[in-house]
Structures are given as C-alpha cells and as structure tokens.
Amino acid sequence: MGIIGSTIKPFKNTAFQAGKDFFDVTEADIAGKWAVFFFYPADFTFVCPTELEDLADQYDALKGMGVEVFGVSTDTHFSHKAWHDTSEKIGKCGYAFLGDQNHALTNNFGVLREDSGLADRATFVVDPDGVIQIMEITCEGVGRNASELVRKIKAAQYVRAHPGQVCPAKWEEGSETLAPSLDLVGKL
C-alpha cells in the first residue's frame, strides 16, 4: 500500500460537531497538529456506533495529547447530525464528523469500497507535518479498540520527540525503549 510515511493529500469536507454550526475542514486545519481520521462504513449501522462511542470515551485523553479527531464516512454532514441527535451512543461523541459523499477523503486514504460507495473500517494517525504514521484497516465485522489507538499515538509521539529511540511491543508510556544498534542484533 505504501501509505505509511506519505503526506496527506489536500481535501475540503464539511463537518458536523455537537454544539457548533456546520464547518469546513481542510488539510490546513490540521497542519502542526496530530490528527486521527477514523473511517467507518455508514451512519445508522451496527458495529460503527460501538466503535465511535469507544472513541468518544478516549476523546478527552486524545485532546489532552494534542490530537484532533475526525469520524469519517461517505454520509453527509446532515446525516451525521441526524445520527448524533437520535442515537444515545453517537450523542456522546464530542469530536467532529466529516461528511465525504464526494469520496475525496476515502479516495485520498485509499479506503473507498467502490462497489458500495462506503468507507472501509480504517484508522489513520497523521503527525504535525501531515505525514501518516499509523494505519489500521479491519474487515467489516471487526471493531477497533480506542485504548490501543491511544497507546499507539503515545508511542508515535514519543518516537517523534526522541529521535533514535523505538518503542518495543506492548510499550506503555514510561516503559523502557530501545536504541537500535548493531549490539542488539540477535540479542532481543
């Protein structure tokens, strides 16, 4: 796929966010910030609200880490508002939902299911330079874990702030990291 390490492409999508009017979001709005683009197939579905509620439970932690969060589907911003206003689970979501009925974002991130016009269940983490650092794509019936997403973002932020260090498997904030070197080859 080759998307890790690539820069996000220009986009302009209309968003719905609780307590705000509809507003446009572009790549310029996330410049200099960490951002999560959380793609899901469609509003008013089954696995999606469980994932989006789970992400809402982590939203304050993500904001505290300086991360902007965007739920994205190929529905309109009007549909996002209607779902927010009628679903208890989605009503908990304080982050922005981007409408992508023209498929600009789903095509830019390579997650459009052309046969149905829906997005794959996919997560992308973009660093302050607009570079994609993390991606996860799952099949239709498998939901994602927002706590694990938070852990991965903490690791990506640590690695960015500490050049020459890497985070091993199951790394948690405050745990030991590694400094890759020839001395470690074959010893781990």
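Two strands are treated as paired if DSSP finds at least two bridges between them. In this predicted model, strands S3 and S4 satisfy that criterion, running parallel over six bridges. Within this pairing, Ala35 has Glu68 in S4 as its bridge partner.

## The sheet

The strands assemble into an open sheet of seven, in the order S2-S1-S5-S4-S3-S8-S9, and the pairing is mixed. Its edges are formed by S2 and strand S9 (132-138), each of which pairs on one side only. From one strand to the next the twist averages 30°.

The table lists pairings within this sheet, each with one residue and its bridge partner.

| Strands | Sense | Bridges | Residue and partner |
|---|---|---|---|
| S1 (residues 12-16) and S2 (residues 23-26) | antiparallel | four | Asn13 and Val25 in S2 |
| S1 and S5 (residues 96-99) | antiparallel | two | Ala15 and Leu98 in S5 |
| S4 and S5 | parallel | four | Phe70 and Ala96 in S5 |
| S3 and S4 | parallel | six | Ala35 and Glu68 in S4 |
| S3 and S8 (residues 121-126) | antiparallel | five | Val36 and Val125 in S8 |

S1 and S2 also form a hairpin with six residues between the strands, where Gly19 takes a positive phi near 80°. As for S4, six of its seven residues are buried, so this strand is largely enclosed by the rest of the structure.

## Helices against the sheet

The parallel pairing of S3 with S4 belongs to a right-handed β-α-β unit, in which H2 is the helix. H2 packs on the sheet and touches S3, S4, S5 and S8. The direction of H2 makes about 165° with that of S4. Helix H3 (residues 77-86) lies across S1, S4 and S5. The angle between H3 and S1 is about 20°.

## Nonpolar cores

In soluble globular proteins, nonpolar side chains tend to be buried together. Here the largest nonpolar core has 25 residues. Leu52, Leu55, Leu62, Val67, Tyr95 and Ile153 are the members with the most contacts inside this core. The elements that supply two or more residues to this core are strand S3 (34-39), helix H2 (47-64), strand S4 (67-73) and helix H6 (146-161). H2 gives the most, with six residues.

Which residues does Leu52 contact, leaving aside its neighbours within four places in sequence? They are Phe38, Tyr40, Trp83, Ile90, Cys93, Tyr95 and Phe97. Of these partners, Tyr95 is also listed among the core residues with the most contacts.

A second, separate core comprises 21 residues, including Phe11, Phe109, Ala122 and Phe124.

## Aromatic pairs

The model contains 14 aromatic pairs. In one of them, Phe37 and Phe109 are tilted, with 5.2 Å centre to centre and 40° between the planes. This pair links distant parts of the chain: Phe37 belongs to strand S3, whereas Phe109 lies in the loop between helix H5 (104-108) and strand S6 (112-113), and the two are 72 residues apart. Phe37 counts as buried because its relative accessibility is 0%, where the cut-off is under 20%. Phe109 is likewise buried, with a relative accessible area of 4%.

Tyr40 and Phe97 form another pair, which is edge-to-face, with 6.3 Å centre to centre and 85° between the planes. Tyr40 is in the loop between S3 and H2, and Phe97 is in strand S5, so the pair ties together parts that are 57 residues apart in sequence. Tyr40 is buried, with a relative accessible area of 0%, and Phe97 counts as buried at 1% relative accessibility. Both residues of this pair also appear among the contacts of Leu52.

Ring pairs further join Phe11, Phe37, Phe39, Phe70, Phe109 and Phe124 into a cluster. Phe11, Phe109 and Phe124 in this cluster are also among the residues of the second core. Phe70, another member of the cluster, is the residue of S4 whose bridge partner in S5 is Ala96.

Methods. Residues numbered from 1 in each chain as written. Predicted model: local features only at pLDDT ≥ 70, side-chain atom pairs only at ≥ 80, totals over all residues. Heavy atoms only, no water. Core = buried A, V, L, I, M, F, W, Y, C linked by side-chain atoms within 4.5 Å. Buried < 20%, exposed > 50% of the residue type's maximum accessible area, 1.4 Å probe, protein only. Contact = heavy atoms within 4.5 Å. Axes fitted to C-alpha atoms, helices over the stretch in contact; angles between N-to-C directions. Right-handed = clockwise from strand over helix to strand, strands pointing away. Phe/Tyr/Trp six-rings, centres within 6.5 Å; stacked < 30°, edge-to-face > 60°.
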